[in-house]
Amino acid sequence: MMTEDKSKLLRSLTIDRSASEAGRSSRRWLPISAGVVACVIVAFAVLAASGFRMQDRPNETASQPAAQPQTPQPQQQQQQAAAGGREAGNLAASGYVVARRKATVAAEITGKVVEIFIDEGMTVADGQIVARLDSVLAEKDYELAQSRAEAADAAIAAITADLQDATRIMSRVQTLSQKNFATEADLTKAQARVGVLAAQLRQVQAQFETAKIDAKRSASVLDKHKIRAPFAGVVIDRSAQPGEMISPMSVGGFTRTGICTIVDMDSIEIEVDVNEAFIGRVAAGGAVNAVLDAYPDWTIPASVIAIVPTANREKATVKVRIRFEQKDPRILPDMAVKVNFVRDTKAGGAAAAKTTAAN
């Protein structure tokens with residue numbers, strides 16, 4: 001019994017190391033677990049808060065009024081207006097080079113072409129003869145009219161001489177009649193002859209004037225057989241050839257209506273179609289930069305001549321006329337061209353400065 005009591009007593013005094021180590025390990029991991037849990041809770045809270053803000057941000061943005069653009073100070077606007085003179089606008093258009101003076105030269109009468117004195121590329125002066133028609137019949141008509149005028153002039157001279165003689169006779173008869181040496185019948189006869197010759201003289205004079213007018217008309221018709229250039233320019237097309245028939249109107253068959261086409265190079269300009277939605281940005285006299293498709297690296301200064309006061313209903317465009325500030329022989333009619341309208345920022349800057357000062 002005593003042995004068992006001593007055994008129990010010894011066991012009761014023995015230290016249980018496994019239990020103490022388990023307690024120590026549990027106490028060691030307890031702060032770490034608490035920290036991990038706290039971190040998870042904080043992370044969850046942060047995520048929840050950020051999600052809440054992201055959900056509420058559209059409402060906040062919608063509820064807040066749009067930020068108004070800051071209006072530049074008048075001093076800054078004046079500096080910008082003074083520094084930036086002109087800047088290229090983004091309004092561009094395309095069109096073609098056209099000539100305001102372009103004519104197809106034709107004859108005013110029907111005839112056969114005898115000679116042509118021009119060719120493509122030649123420069124002609126105002127009134128220069130470019131072709132000649134067969135004028136044989138016209139020359140004969142002119143000679144006949146001149147002959148009639150000369151005959152009427154000769155008749156006037158003859159009748160004038162007879163009238164002068166008849167007038168002297170009538171004067172002598174009147175003198176003799178007063179002295180009773182001539183009868184009344186002789187005086188009446190002399191007076192009648194003077195009256196008849198005077199009437200014949202007026203008739204011949206009228207015929208002479210008619211003959212002169214006819215001669216002038218025949219001369220004009222003869223001159224129309226010489227076709228002249230209506231203005232100075234360059235021949236860009238030669239239509240007729242010697243031996244062909246030409247007429248001022250189309251009569252069918254092989255009859256032509258023109259000799260050549262002449263263009264006045266000093267009258268070339270640009271015509272472009274601008275969308276009617278942007279026509280308000282174009283003004284007469286405004287600066288334009290033109291670039292020909294044939295010379296893409298060459299920028300030609302130009303300016304707006306006028307805005308044609310009509311719109312194209314089908315294309316919804318308005319035609320704008322533009323002049324070249326520099327003339328160059330490389331610029332030819334019917335060339336394709338692109339233009340860029342230049343905006344004047346000085347006027348806009350001054351207007352903005354005035355508006356800001358008024359506000």
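Two strands count as paired here if DSSP finds at least two bridges between them. Keep that in mind as you look around this predicted model, because a pairing of this kind turns up between strand 4 and strand 7, which run antiparallel over 2 bridges. One of the bridge partnerships puts Val124 together with Gly233 in strand 7. Beyond the sheet, there's a set of salt bridges to explore, 14 of them across the whole structure.

**The big picture**

- The protein chain holds 6 helices and 14 strands.
- It has 359 residues, and 26% of them count as buried.
- The accessible surface adds up to about 24,100 Å², with carbon and sulfur atoms accounting for 56% of that.
- If you take the contacts between residues at least 6 apart in sequence, 75% of them join residues at least 24 apart.

**The four-stranded sheet**

- One open sheet is built from 4 strands in the order 2-9-7-4, and its pairing is antiparallel.
- Strand 2 and strand 4 sit at the edges with a single partner strand each, so each has one side with no neighbour in the sheet.
- Strand 4 covers residues 123–124, while its partner, strand 7, covers residues 233–238.

**Salt bridges around Glu271**

- Glu271 makes a salt bridge with Arg100, and their closest N and O atoms are 3.7 Å apart.
- Glu271 belongs to strand 10 (residues 268–275) and Arg100 to the loop between strand 1 (86–99) and strand 2 (102–105), so this pair ties together parts 171 residues apart in sequence.
- How open to the surface are these two? Glu271 comes out as partly exposed, because its relative accessibility is 21% and buried would mean under 20%.
- Arg100 is partly exposed as well, at a relative accessible area of 47%.
- Glu271 also has a salt bridge with Lys319, where the closest N and O atoms are 3.7 Å apart.
- That second pair connects distant parts of the chain too: Lys319 is in strand 13 (residues 317–324) and Glu271 is in strand 10, 48 residues away.
- Lys319 has a relative accessible area of 36%, which makes it partly exposed.
- Which residues make up the salt-bridge network here? Arg100, Glu269, Glu271, Lys319 and Arg321 are the ones linked.

**A link between two helices**

- Over in the helices, Arg148 and Asp214 meet through their side chains in a salt bridge, at 3.6 Å from N to O.
- Arg148 is part of helix 4 (residues 136–178) and Asp214 is part of helix 5 (residues 184–223), so the pair ties together parts 66 residues apart in sequence.
- Arg148 counts as partly exposed at 47% relative accessibility.
- Asp214 is partly exposed too, with 26% relative accessible area.

**Another stop on helix 5**

- Helix 5 is also where you'll find Arg202.
- Is Arg202 buried or exposed? It's exposed, because its relative accessible area is 55% and the cut-off for exposed is over 50%.
- Arg202 and Thr160 are 42 residues apart along the chain, and 9.9 Å separates their C-alpha atoms.

Notes: Residues numbered from 1 in each chain as written. Predicted model: local features only at pLDDT ≥ 70, side-chain atom pairs only at ≥ 80, totals over all residues. Heavy atoms only, no water. Salt bridge = Lys/Arg side-chain N within 4 Å of Asp/Glu carboxyl O. Buried < 20%, exposed > 50% of the residue type's maximum accessible area, 1.4 Å probe, protein only. Contact = heavy atoms within 4.5 Å. Areas by Shrake-Rupley, 256 points an atom, 1.4 Å probe, with all protein chains shown as cover.
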